[in-house]
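Please consider the structure below with attention to its aromatic side chains. The discussion follows ring contacts and the accessibility of the residues that take part in them.

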Amino acid sequence: MIVRTRPNLFTLLFTMQGSILPRVAWKLVGIVAVACLVVWAEARWPAFFPVTAGVAPFTLVGLALSIFLSFRNNACYERWWEARKAWGSLIGEVRNLARLLPALLPPAEAAPQLRRLSAFAHGLHARLRGLDEALAVDGKAPGADLGGPNPTDSVLAALTRDLAGLMQAGRLTDIQFGLLEARIEALSGVHTACERIANTPLPFAYTLLVYRTAWLYCLLLPVGLTGSLGWATPVVVALVGYTFFGLDALGDELEEPFGTEPNDLPLDAMVRAVDRIVHHALGEPMPVPLAPDGYWLR
């Protein structure tokens, strides 16, 4: 995720860090080349351009395309924001358990349960980014089923099992166990929400429709503009293409919020935040929080 204060006008116009321009640069080069070719052909063989299309048809199509792009980007941003709220809830529930477990259990019994919170965050991080989930959990969560289909969920199962054993042994009351179980259930809800977002992308037809329409619009736009704008046509086409292709590319990044692109969620930093909470509750030195690298917080 790009983290920076709003730059001044000059920096805002020319900065590349966090810009979507590098992703769409070659597309812009292509449509500008086509626009230059159309302008040159119109000047070279005006008989082939007796009547230009005019801007009226492109105004209508552009309006419809912009509305659809806005709808798609809103849907993508909603996925990104829901994922951010889920990880914010995860950090909040870890804080709750980091307060409750040391208060209700002796240090020797609270410590392994606290380490399981860290294992849960690492496992979910690995699961969402397609990394080795069992390796991320291994060593941090004794009793977890690393060979099962969901090692991250097995961390919560082991945590619940141990707490239930303590309740049966009389070291926890049923009310105390209920308080802890509610927090564990909330973590499971975060896990489910993140999996739902990761495994249910936007319908492919949305992306296909936007992509095809944007290309056709930008490739045909010079025909409508060249008669009135001449060699200024490539400039206008480039601005329109940057807007449409840029919004499309930005929507692609936001649609998959758990990835590793500049505008995706900083999962590494949020997992480090969980580690800091756990280490502080254990009375151990806390790891240094992750800082943005070139304004990019991973």
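F245 counts as buried in this predicted model, because its relative accessibility of 0% falls under the 20% limit. F245 belongs to helix 9 (residues 233-255).

The partner of F245 is W215, which is partly exposed with a relative accessible area of 22%. The ring centres of W215 and F245 lie 5.0 Å apart. Their planes meet at 50 degrees, so the pair is classed as tilted, since stacked pairs require under 30 degrees and edge-to-face pairs over 60. This contact joins distant parts of the chain: W215 lies in helix 8 and F245 in helix 9, with their positions 30 residues apart in numbering.

W215 also forms an aromatic pair with Y211. Here the centre-to-centre distance is 6.4 Å, within the 6.5 Å cut-off, and the planes stand at 70 degrees, which makes the arrangement edge-to-face. In contrast to the link between two helices, Y211 and W215 both sit in helix 8 (residues 204-229). They are four residues apart, about one turn of the helix. Y211 has a relative accessibility of 35% and therefore counts as partly exposed.

Elsewhere in the chain, Y77, W80 and W81 are linked into a cluster by ring pairs. The count for the model comes to five aromatic pairs.

Definitions and conventions:
Residues are numbered from 1 along each chain as its sequence is written. This is a predicted model: local features need pLDDT of at least 70, side-chain atom pairs count only at pLDDT 80 or more; totals for chains, interfaces and linings use all residues. Side-chain values use heavy atoms; hydrogens and water are left out. Rings of Phe, Tyr and Trp (its six-membered ring) pair if their centres lie within 6.5 Å; planes under 30 degrees apart count as stacked, over 60 as edge-to-face and the rest as tilted. Buried means under 20% relative accessible area, exposed over 50%, partly exposed in between (1.4 Å probe, protein chains only).
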